[in-house]
Every structure is written in C-alpha cells, then in structure tokens.
Amino acid sequence: MRKQIGLFAAILLSFVLVLSGCSSNSSSTSSDKTNGSGSKSNTFIYGISGDPGNSVNVITTGDRFGLMEIKAIYSPLYMYNGKDDVKYFLATSMTPSKDFKTYTAKLRKDVKWSDGKPFTADDVVFTYDQMLKESNGGWARSMLIFNNKPVKVVKVDDYTVKFELPEVSMGAMESLGNTFIMPKHIYEGEKDIANSSKNATPVGTGPYKLVQYKAGESVTFEKNKDYFLGAPKIDKVVFRIIEDANTANISLQSGEINALIIQPSDVAKFKNDSKVTLKPYDEGRIGYMAFNLSSKAVQSKEVRQAIAYALNRDEIIKASYLSNDYAEPAYTFLPRKATYYTENVDKHDFNVNKSKELLKKAGVEGLSLKLAYIGSDPIQQKQAAVMQQDLKAVGIDLKLVGMDANALSQKLEKVQTDFDMYLNGFIMGIDPDTFNSLFVTGSPSNYMHYSNPEVDDLFNKGRVETNDAKRQAIYEKIQKLIIDDAAFYPITENKRILAIDSNITGIDQAGLVPVYTFEDMSKLSFK
C-alpha cells in the first residue's frame, strides 16, 4: 500500500509533512549559478526536512523522502494521475482486454540502464515478482493482490508484458502503475533487497544518477545524459536535509537553496519576494482524526459520533492552516479529485447540543481520552489544541500525547491501547479501490482496527463492478457507511505549498504531483 504520509510515515501514506527549501540569487543563470558556498554551477538545491537514507530501493522504500530519491533515479511504467491523465515513462501504452482481466503493456525500446545495459521486459517481470514476494515486505504488494490472489506478470516478448488478473479489478490501471522498475541484472539472486549493499549504488533509468550521500546532510545527483526522455537541463540536483523550519526558511531567503515546501504560516515571508515564486498544489491528501477501536473507551458509536459533533472543523482548519486558501474541509475519506467522490454524507457539523445528547444517550460522563499526534508537526500541534478545547466544552477531558513520528507509526502498526484517538493523514490515489486497505477488516494498514462486514463486501463488489453507474452507487454508499460509523473523522484536504526560485523554469512541464513533488525533474531549468 501507499505509505500514509501523515506519519512519516505516513502517504501513504500519511504517507506526512515535508519541509523543503529553496531560493537563489535573482541574477543567476544556468551557467552562472551561486550555490551558497560561493562556487558556480548549474545546480538545483531542494531542501527537505528528513533523511531518506542511503539504502533506498524500489521494493521496500515507501516514505516521502525515499520515494523522492527513487523518482530521481528510477522510472515507472507510467504515472496514473486520473482516467484521462496518464503519463507514460517506460511503457508506451497499457491496454485492458475487453473483460478487464488482462492488461498489456508495450515498452519503450530506446531505454538503457545507467550502466549502459538495455532495459527489457525481463526487468519488468523481475520487479513485479520481487514486489509480490511476501518475504521482501514490498510497500505496494497489497495493490497487486486481488481477492487474496496475486496478479501474474508474463513476458510476451522483449518489449511486451501482460498483467493477468485473477479477477476483474476496475482500479487495476492505477494500482499496476505504482511500481518503479529495478534492474534484474543487478538484483537477481539478492536475498535481502531491503538491506542490500547495492542500494547504496543504484543503477536506474531515471533522469538523474546518485553520486553522493551524506547522512543527515545531503543527497547529490548528477544528470543521466542518456535519459530516454532527453538529458536533464540541470546538471546537478541536491536534496539538502534541513530539519529546522526556521533554518530552512532563512536558507531559502538567502539563496542557499532553490526549493522548499513551506507552511501556510510562512507564506507571508515570501509573498512579496520577487526572488521566490509560490506554487500551491493539490496532493489529494486527507488529514484526519481516527479512533483506536482497540480502546474500550471508544467502542460506542454514539460516543464517537458525539465527539465528531463536538469538533469544530472550521476552527481546526483556521488554527492549523490559517484559512481555506490552502486547505478545504474534508467530509469523506476520498479527496475531491477521486472518482465517485460525494459530499452527500453526514458531515457531523459542529453541534454541541447534539454531542451532549449523544453522550447522555450512551450513558457516558466524565470521559477521559488520549489523543496521539506527531509532536514536532506544527499543524497537528494546533489541531490537537483546538480539539482539546472543543471536547472540554462537552465534558470530555482530552489528554494530548505528542510523539516522535517513527514511534507513532510503530504504535499504529500494532494492536495497543496507549491512546484512544490519533491524528494522521494519507495520500492514496484516484480510484476509490486504492483506499480499501485503510478500512477493510484485518488489513495491516487499517490502523483504526475498524471492521464493518458491509463495507468489506461493498469494497469487494466495487472492485469488480464494470458498470460505471452501479460502481458509483457502491462507493457513495461506502463513504456514507464509514462516516456514519464515526471511526474516522476527516478534517481537511490541504494543499502543499512549493516555494521555488523565480529563476527556475519548466515547472509546469515537470509537473507537480503528490509525494514526489516533480513528475519529471528533467524538465526543470534555470533562466
């Protein structure tokens, strides 16, 4: 599954907040660029708030920073940005059969690995086989399993691959395209891909090649002159690790870095700066509060609904994102751009009286609960504080438990009762079938431990239903049921704000996309 970027974790994941940094001298050009140390080079420096490590690989790497590194080095068959928005990379087409049980990928014939070896169908088959091998712990494995049966990937010839599904899956076009392709000739026979020494010297087909990793400091790439979509216009890319937000902002203002993801609270610092351009964009991210249904205190649906009605969603958004300019209210688990999104659900609009009535009906008073969140995340800090005050107004004592992101991620992956509620977020995809792992009974990604047999059944039906109108009805019902159960309280669908050197061009051509930032960095250039 896609990591929940709110955790980072967690796209998928949860996925989740990335801080990146940038800016440059307004007089710099592609051949005369000052990079902060005084030397001149055609270098793009992107500040990030976390360390991707030196052992990234396409099978097990699922965090945002690691995937950004993967995107620079490797290529997928294609990227699915919507039914009518498919960007092909290693494939030139992906065609379903009439019964939607077989998908045929035609591959490019002009691709070489960065060590000069030719890319072929053997690499594709090998990669998907490794992702499906349960012992490898592949991050996208669940997306290749259909009703407990794996997709079968078959080589037809050197440049044609068939994906044979065990049953119909109308979300297959998206789920089959999420995997980056690895070189068979490098990894064949490797028993522990996650910890392989080969991960430190990757051989890819992407626009850049890894040349240096400095723990806690930076990752440096140089352009792949043989990149099949054309040699990148920028010679070198550096991901500079800057964990402190204030330091990152200063680095952007001073021109030491060229790109940075900023918080809404920092927008005013750059809004009138001609050297910096602000590029807000949608990631399809849902920020939410969910209940830990392993906790006895929140077993009652009336109690969960009471809490939902006690929360003032608009105030939570205003406190954390300042306004609706960079965040819209979320009412369901699907983002607005997802297929079959609907707002025809109980929005649990702020209603203190209704909350108190439900608590009384449940026979609950003097309730004390714990809310877990990422303590270093300023957005979640503010959301938690507002929620604490909201629940106090209906007689609920909410204790705030700020945690390290990794510690919270590890807690959520286990059955535990250390907290009753938690804040998180996810970036999953376009087709609603890609979200099923968050809610189906027993899924490792179902951190709520939520279980509704009707929801499970509907997700199974929605996957195989080929009639569009019937499929829409199924997913609209799923959205209503999940919200009515109130195990999941969507808060916001927020934008990601890229602040980038005004001398950088080709941003629209490079494409701003979820998780990776750029769909193809080769298109970026300096004026």
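**Close-up 1. The second largest cavity has a lining of 5 nonpolar, 5 polar and 1 charged residues.** Welcome to this predicted model; we start on the inside. The second largest cavity encloses about 60 Å³ of space. Its lining is made by R285, G287, Y288, Y321, I379, Q380, Q383, L423, N424, I491 and T492. Four elements each give two or more residues to this lining: β14 (276-291), α10 (378-392), β18 (421-427) and β19 (488-501). How does a hollow like this come to light? Rolling a probe the size of a water molecule over the atoms shows where empty space is left.

**Close-up 2. Strand β18 is mostly covered.** Here we follow one of the strands that help to line the cavity. How many of the residues of β18 are buried? The count is 7 of 7. In a regular strand the side chains alternate between the two faces of the sheet. On one side of β18 sit M421, L423, G425 and I427, while Y422, N424 and F426 sit on the other, and both sets are buried. Two residues of β18, L423 and N424, also appear in the cavity lining.

**Close-up 3. Strand β18 pairs with β14 and with β16.** With β14, the strand β18 runs antiparallel, and 7 bridges join them. With β16 (residues 368-374), β18 runs parallel, and the two are joined by 2 bridges. Y422 is a handy place to rest your eye: A290 stands opposite Y422, and A372 stands opposite Y422 too.

**Close-up 4. R336 and E493 form a salt bridge between distant parts of the sequence.** The two side chains meet at 3.1 Å, N to O. R336 lies in the loop between β15 (327-329) and α9 (352-361), whereas E493 belongs to strand β19, so this pair ties together parts that are 157 residues apart in sequence. Is each partner buried or exposed? R336 counts as partly exposed, because its relative accessibility is 25%, and E493 counts as buried, because its relative accessibility is 5%. The pair also belongs to a network of salt bridges that links E328, R336, E343 and E493.

**Close-up 5. D433 and R463 meet in a salt bridge.** The distance here is 3.0 Å, N to O. D433 sits in the loop between β18 and α12 (453-464), and R463 sits in helix α12 itself, so the contact ties together parts that are 30 residues apart in sequence. Both partners are tucked away: D433 is buried, with a relative accessible area of 5%, and R463 is buried as well, with 11%.

**Close-up 6. R141 and E134 make another salt bridge.** Their side chains come to 3.9 Å, N to O. R141 counts as partly exposed at 24% relative accessibility, while E134 counts as exposed at 61%. In the whole model, the count of salt bridges comes to 23.

**Close-up 7. Q130 is a buried residue of helix α2.** Helix α2 covers residues 121-132, and Q130 has its place there. Why does Q130 count as buried? Its relative accessibility is 8%, and buried means under 20%. Which residues does Q130 touch, leaving aside those up to four places away in sequence? The contacts of Q130 are I59, N136, M182 and I193.

How values were computed. Residues are numbered from 1 along each chain as its sequence is written. This is a predicted model: local features need pLDDT of at least 70, side-chain atom pairs count only at pLDDT 80 or more; totals for chains, interfaces and linings use all residues. Side-chain values use heavy atoms; hydrogens and water are left out. On a 1 Å grid over the protein atoms alone, a cavity is a set of points where a 1.4 Å probe fits but cannot get out, and a pocket is an open set with protein on both sides within 12 Å along at least five of seven lines; lining residues have an atom within 4 Å of a point. Grid points are joined across faces, edges and corners, and a volume is the space filled by probe spheres set on the points. Ala, Val, Leu, Ile, Met, Phe, Trp, Tyr, Cys and Pro count as nonpolar, Asp, Glu, Lys and Arg as charged, and the others, Gly among them, as polar. Buried means under 20% relative accessible area, exposed over 50%, partly exposed in between (1.4 Å probe, protein chains only). Two strands pair if DSSP finds at least two bridges between them. A salt bridge is a side-chain nitrogen of Lys or Arg within 4 Å of a carboxyl oxygen of Asp or Glu. Contact means heavy atoms within 4.5 Å.
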